[in-house]
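Q: I'd like to learn how to read pockets, helices and odd backbone spots in a model like this one. Can you walk me through it?

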Amino acid sequence: MSTGRLTIDLDAVAANWRALDAKSDQGVQTSAVVKADAYGLGVGKVGRALAAAGARRFFVAVPEEGAALREALGPGPEISVFAGHMPGDTDMIHDLGLVPMLNSVDQLTRHFEALPGHPFGIQLDTGMNRLGMEAAEWGPLRELIVAQNPRLIMSHLACADEPTHLMNRQQLETFHEMTEGLDVPRSLAATGGILMGSDYHFDLTRPGIGLYGGLPFDAAAPVVSLDLPVVQIRDVAPGESVGYSNTWVAEYQTRVATVCGGYADGISRKISNKAVMFHEDTPCPILGRVSMDLITVDVTHLREIPKSLTLLGTQQNADDLADVAGTIGYEVLTQLGARYARYYARGRG
């Protein structure tokens, strides 16, 4: 097989959900964020694993993602849509029983007129300036909206990956000011907020990246491994170059493995000449540029010719690779390409 092998440990996903669930008080419900095809790992299988672990409420970015999740889970679990109720979404929201998190007066009007009595939630802006109603528009409409029985009022922390950042406390205080005294379930914390403690938990938490093994949940069980097959081995003499634009030139006799994978598979060109792959526990430097379909790797120091090399696994996770590329683990995961042969494993209880 010439395609890479992407392995997703569903038991690890479930274990991470249970671990994050355990960090909240018993009265706090733990949902699951499965937007972007469960962060690139496959929303159908991941969603079912999370439901089996105990998740009953899920969040997606747009209704189309909700359709795929509803097909996987059936009619029971609640599926909320962060983007709210946009033009053209009405039929899908109604037919699939989705719960839009309404972000503006326009969305409120659209939802109440098109789907009176249909469940909805409210998203408030507490300082991130991205989605949600600001205090000036929320205040005059607050009692009218609450009278329509929203399922949830939520906001989102901008700096939860930095627990000591002053904006976290500022947003917490603003959320209290905007929602105090309301008999409606509230939610502020995603993964980072969960880890900051009970002040941020309210009635429902929304773990996302932590479910998939990513920071800031550094105690997460590893979820993803990616192995790329070796297509060819060659010996490169001193002075010869490897790959496009001669960005790497051999200083000594070098054995080079060419593996099948590249930026068409979501592997960033920014790791060219910087990152390593692994043969078991032995690091093997990437030589030259990551190209569309191929990567060249130094295997001179290996005692055997490898059949494949590992880019993601226990030795190097998505956050490690992201550090080399100057990005974040979220981007590494969500860019994992469609050409990989995907295997869903059961490795943990």
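A: Happy to. Keep in mind that this is a predicted model. Let's begin with empty space, then turn to helices and loops.

Q: How do I find empty space, and how much of it lies in the largest pocket?

A: The general idea is that rolling a probe the size of a water molecule over the atoms shows where empty space is left. Here, the largest pocket holds about 800 Å³ of space. Its lining is made of 36 residues, and those nearest the centre are Lys35, Tyr39, His156, Ile209 and Tyr330.

Q: Which helices supply at least two residues each to that lining, and how do the lining residues divide by class?

A: Look at α2 (35–40), α9 (191–195), α10 (318–325) and α11 (329–334); each of them gives at least two residues to the lining of the largest pocket. By class, that lining has 21 nonpolar, nine polar and six charged residues.

Q: What about the second largest pocket: how much space does it have, and what lines it?

A: The second largest pocket has about 260 Å³ of space. It is lined by 21 residues, with Gly213, Gly214, Pro222, Asn317 and Ala318 nearest its centre. Helix α10 contributes the most to this lining, with three residues. The split is eleven nonpolar, seven polar and three charged.

Q: A pocket is open. How many closed cavities of 30 Å³ or more does the structure hold?

A: There is one cavity of 30 Å³ or more. The largest cavity has a volume of about 60 Å³. Its lining consists of Gln123, Leu124, Asp125, Thr126, Met128, Arg130, Leu131, Ser155 and His156. In terms of class, that is three nonpolar, four polar and two charged residues. You've met His156 before: it is also among the residues nearest the centre of the largest pocket.

Q: On to helices. How do I check the length of α8, and which of its residues are buried?

A: Compare the end-to-end distance with what the residue count predicts. Helix α8 runs over residues 166–179, 14 residues in total, and spans 20 Å from its first C-alpha to its last, close to the 20 Å expected at 1.5 Å a residue. Its buried residues are Met167, Asn168, Gln171, Leu172, Phe175, Met178 and Thr179. They cover an arc of only 140° around the axis, which puts them on the same side of α8.

Q: Why does the spacing along a helix give it sides?

A: An α-helix has 3.6 residues a turn, so residues three or four places apart point the same way. In α8, the face turned away from the buried side carries the exposed residues Leu166 and Glu177. The buried residues, for their part, pack against α7 (135–146), β8 (153–154) and β9 (186–187). Just after α8, Gly181 has a positive phi of about 90°.

Q: Is α1 mostly covered or mostly exposed?

A: Mostly covered: nine of the twelve residues of α1 are buried. These are Leu10, Asp11, Ala12, Val13, Ala14, Ala15, Asn16, Trp17 and Leu20. Among the elements covering them are β1 (5–9), β2 (29–30), β3 (32–33), α3 (43–53), α9 and β19 (341–345). The length check works here too: α1 (residues 10–21) should span 16 Å at 1.5 Å a residue, and its end C-alpha atoms are 17 Å apart, which agrees.

Q: Now the backbone. Which residues other than glycine have a positive phi?

A: Two to look at are Asn149, with phi near 60°, and Phe202, with phi of about 50°. Asn149 lies in the loop between α7 and β8, and Phe202 in the loop between α9 and β10. Asn149 counts as exposed because its relative accessible area is 61%, over the 50% cut-off. Phe202 counts as buried because its value is 14%, under the 20% cut-off.

Q: What is Tyr200 in contact with, beyond its neighbours within four places in sequence?

A: Tyr200 touches Leu157, Asn168, Arg169, Leu172, Leu188, Ala189 and Gly193. Tyr200 is in the loop between α9 and β10 and is buried, with a relative accessible area of 5%. Leu188 is twelve residues away along the chain, yet the C-alpha atoms of Tyr200 and Leu188 are separated by 6.3 Å.

Q: One last item: where is the cis peptide bond that involves Pro216?

A: It joins Leu215 and Pro216, with omega about 15°. Pro216 sits in the loop between β10 (204–205) and β11 (224–236).

How values were computed
Residues numbered from 1 in each chain as written. Predicted model: local features only at pLDDT ≥ 70, side-chain atom pairs only at ≥ 80, totals over all residues. Heavy atoms only, no water. 1 Å grid on protein atoms, 1.4 Å probe; cavity = no way out; pocket = protein on both sides within 12 Å on 5 of 7 lines; lining within 4 Å. Points joined across faces, edges and corners; volume = space filled by probe spheres on them. Helix = DSSP H or I, 4+ residues; strand = E, 2+ residues; numbered from the N terminus. Nonpolar A, V, L, I, M, F, W, Y, C, P; charged D, E, K, R; others polar. Expected span 1.5 Å × (residues − 1). Buried < 20%, exposed > 50% of the residue type's maximum accessible area, 1.4 Å probe, protein only. Arc of directions from axis to C-beta. Contact = heavy atoms within 4.5 Å.
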